[in-house]
Amino acid sequence: MKKSSILAPISAFAIIAIACDDSSNIGSSIVDDQIAIVNDSSFTLSGHSAINSVIQSRTITQLLGSIDAGDYGKLNSDFVTQFMPAAKIDTTGMIIDGLTLRLAVPRSSGYVGDTLIPMGLEVYRLNQQLPYPIYSDFYENVSDYYDESAPIASKIYNFNTLGCSDTLQALSYINIDVDMPKALAEELVNIYKTDPTAYLVPEMFAQKFPGIYVRNSYGSGRIVKIGATSMAIKYHTEGKTDAGNDTTYNYIGNYYAVSPEIITNNNIRYDMSAAMQSRLTDGECLLVAPTGIETEIEFPINNILNSYLNGAGKLAVINSLSFVLPIDTIANQYGINPPDYVLMVRSSEKQNFFANNLITDGVTSFLGTYNATYNRYEFPDMRQYLIDRVGKGPATPEEYTFTLTPVSVSVENNSSNYYYSSVTTTVNSITPYVETPVMAKISLEDAKIILSYSKQTIKN
């Protein structure tokens, strides 16, 4: 039991609180009363691992490759995607030379595995509309959406710039460029010429061109995280110089891109390693993603509520409720680390949270940030959760059962003060984790939940 109190001289808060309670005692309270600050960290957590085999990829990030990573297991991923077309194309005098599919991968964070291993990819044209919603287990049905005997492009690639120019080595992205059929470029331009309105609405464009399927065709040992996918038409026009001589003008038109408005999906297959399966069997609480394992916990909000109500008295204020969750990293040779963020969401509301693109509200969901220095997840502000319970009484199992699941977070930093450079960070989106592999073991027995509240002590 870790419970402490600190006595301090009465503050303005206490005076105001007393005034609201009993104005006849104001004079003596100013002289005799004190504020006690109580900190209670006697709470414990219980929980267990749960299989998380299917996720909805609510992101434009695409994973491609195959890896067999020791204690982690085997991960294979390919993807299907539609394209968002440019609203307008200048086709005047256009003579098409080719089409390039570009997969842009962040140099510093866009891969797990060996950068030197040659790997291959194949591109297929989709022959029907992609379903929606679509999930990571779409690999079970993808064969119905393309002709396996008719790839339209292929490439052998690695993930390094050895021997390349200084300019290429300085780029923050490594581009995997794939030559696509010139006939496809001509077809796409013809769609614009005959029905330009199809370029204004993604769904209409997808009816004309359903998209592509990109799969790993050769090699294993690397997964790449594609941050941007696009197709560019290479073309030229004929013209005259100022001197009246014939000349050729060459262009590259980046007319097609993967964007949030279209359907794209990662087809993810994860086979748990024997070592990971043993951990699961032994009852360890784990986080493994992009698909794999999450942890369900029973947060002791009723014990916290009882501690506060029994110790607070009539005049008290909840200062804070924080939660720190230590983890153990799992040794591996591929640099697979814990996820940067973990969502703690009511298990009954997890599906709704992602389906409706929600942000944490401090009562039914919370965001934990990984502190690599102390090897733990930190949930610094759960105060509103307790305040809400004070007004409603004890929580039901549905209200205190939460799932811890890895997530990807998009944030925006805003400078709020010109003179002092004050920066405010705003969370824009929280989506299921669909990036390079992550894993960690959670130490529930070492978790620390700290309740802090201030109460008025009246001397008689």
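What percentage of the 460 residues of the protein count as buried? In this predicted model, the share that counts as buried is 47%. The protein exposes about 22,200 Å² in total, and carbon and sulfur atoms supply 48% of that area.

The chain is organised into 10 helices and 26 strands. Contacts may link residues that lie far apart in the sequence: among contacts in the protein with a separation of 6 or more, 80% are between residues 24 or more positions apart.

One strand serves to illustrate the interior. Strand β25 covers residues 438-442, and four of its five residues are buried, so the strand is largely enclosed by the rest of the structure. Two other strands pair with β25. Strand β17, residues 285-289, does so in the antiparallel sense over five bridges. Strand β19, residues 316-328, is also antiparallel to β25, and this pairing has two bridges. Lys441 of β25 takes part in both pairings: Leu286 has Lys441 as its bridge partner, and Asp328 stands opposite Lys441. A general point helps in reading such an arrangement: in a regular strand, side chains alternate between the two faces of the sheet.

The surface offers a contrasting example. Leu200, Val201 and Met204 form a nonpolar patch there, and together these residues have about 230 Å² of accessible area. Met204 belongs to helix α5, which spans residues 202-208. Is Met204 buried or partly exposed? Its relative accessibility is 31%, and Met204 therefore counts as partly exposed, a class that lies between the limits of 20% and 50%.

Methods. Residues are numbered from 1 along each chain as its sequence is written. This is a predicted model: local features need pLDDT of at least 70, side-chain atom pairs count only at pLDDT 80 or more; totals for chains, interfaces and linings use all residues. Side-chain values use heavy atoms; hydrogens and water are left out. Buried means under 20% relative accessible area, exposed over 50%, partly exposed in between (1.4 Å probe, protein chains only). Two strands pair if DSSP finds at least two bridges between them. Patches are made of residues with over 30% relative accessible area and no salt bridge: like charges are joined within 9 Å, nonpolar side chains (Val, Leu, Ile, Met, Phe, Trp, Tyr) within 5 Å. Accessible areas come from the Shrake-Rupley method with a 1.4 Å probe; for residues, only the protein chains shown count as cover. A salt bridge is a side-chain nitrogen of Lys or Arg within 4 Å of a carboxyl oxygen of Asp or Glu. Contact means heavy atoms within 4.5 Å.
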